[in-house]
Amino acid sequence: MRLSQFVFLKSLKQHGSFSKASQSLLVSQPSLSTAIKELEDELGVLLLKRTKQGVIFTSIGELVLEKIEKILNEVDNIKKITTNSSNLPGSLLIGSIPCLCGQILFNTIMNIEKNHPLLSVQVDEGDYLDIIKEVGNNKYDLGIIGVSVTEDTYISQILTDHDILFQPLHEDELCFWVGSDHPLRTKQIVAISDFKGCPFIAYKKNLTKQDVFTFDKYGMSLDKTVYTNDIYSLKNYLMISKGAFTLAPYSVYAHDIYSTQGFLYPLKIKDFNWKITYGLISKKQKFNKLEKELFVGELIKSFAMLGV
């Protein structure tokens, strides 16, 4: 299938005959007829009937045309992005979970400032429940959250209750993170029960009932949990404590300065394949489509650069 065939079919619908469509498209009538016949042969269906009065679309032809028009609209949107994006004015207010507010969002915003200088992006850091709430209240144009396998059903229900859409972007793996003086630091793979008696450091409300249940299932009680409202305090606590640990994404934290400088170390979990999916949340009627596509495109590039 070729885009030109889609354009030809749409023109036939608009003009009702091969002669008028060919004149509008500035192509010969035989070329137009051949292109449509090749499309019908490829699809294995009859898209339209040729009569003396003009063309009549079959029922399947009408359905195919509906899909084709959507594709052609998206092609137009791509053209708008490539031709007008550098001059696009506007602003976006985004809420993001802390682990993405470092290198990933820094790269994203820097690229937007470079390629789309009139588009202003501001990021607020928060836990996922607050972000969902503020997207639902129309404070944030867009939210960026992570949904782990233990929370999938729980968060899906919250998003539904707030009439919010979730668009998955990338998948990562959760692991335990410890400081350089932690007794388990030299291990590459650990069991959940290895941390019995060790204090767990949690960021705001990010420790859910589902997480606690998972720890309990593998014989680990989180009765020694320390909560912090600041992600940097969490990292500093891990650095100075000889026994504390936290649960965080592997690939994102692996590029964090605390990790690259040897202050924090990841430990893979052998009991449980703890996956997390990063995604965008937004209210459909709130968002400017072109602004969203520009931001999402730059965000995906940032994930790819870090190998997430």
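## Salt bridges and overall form

In this predicted model, Lys268 and Glu173 bring their side chains together in a salt bridge, with an N to O distance of 3.9 Å. Because Lys268 belongs to strand 11 (residues 264-269) and Glu173 to strand 6 (residues 165-179), the pair ties together parts that lie 95 residues apart in sequence. Lys268 itself is partly exposed, its relative accessible area being 30%.

The count of salt bridges comes to seven, and three of these, including the pair just described, are set out below.

| Salt bridge | N and O distance | Sequence separation |
|---|---|---|
| Arg2 and Glu38 | 3.5 Å | 36 residues |
| Glu62 and Lys13 | 2.7 Å | 49 residues |
| Lys268 and Glu173 | 3.9 Å | 95 residues |

Arg2 sits in the segment before helix 1 (3-15), while its partner Glu38 is part of helix 3 (residues 29-43); Arg2 is partly exposed at 41% relative accessibility, and Glu38 is partly exposed at 38%. Glu62, in helix 4 (residues 59-84), reaches Lys13 in helix 1, and here Glu62 is partly exposed at 32% relative accessibility, as is Lys13 at 39%.

For the protein as a whole, the secondary structure comprises 12 helices and 12 strands. The radius of gyration is 26 Å, whereas a compact globule of 308 residues would have one near 19 Å, and the C-alpha trace spans about 85 × 40 × 35 Å along its principal axes. Buried residues make up 45% of the 308 residues, and of the contacts with a separation of 6 or more, 78% join residues 24 or more positions apart. The mean positions of the 34 positive and 34 negative charges are 5 Å apart.

How values were computed
Residues are numbered from 1 along each chain as its sequence is written. This is a predicted model: local features need pLDDT of at least 70, side-chain atom pairs count only at pLDDT 80 or more; totals for chains, interfaces and linings use all residues. Side-chain values use heavy atoms; hydrogens and water are left out. Helices (H or I, at least four residues) and strands (E, at least two) are DSSP runs, numbered from the N terminus. The radius of gyration is taken over C-alpha atoms; the globule rule is 2.2 Å times the number of residues to the power 0.38. Buried means under 20% relative accessible area, exposed over 50%, partly exposed in between (1.4 Å probe, protein chains only). Contact means heavy atoms within 4.5 Å. Lys and Arg count as positive and Asp and Glu as negative; His and the chain ends are not counted. The place of a charge is taken as NZ of Lys, CZ of Arg, CG of Asp or CD of Glu. A salt bridge is a side-chain nitrogen of Lys or Arg within 4 Å of a carboxyl oxygen of Asp or Glu.
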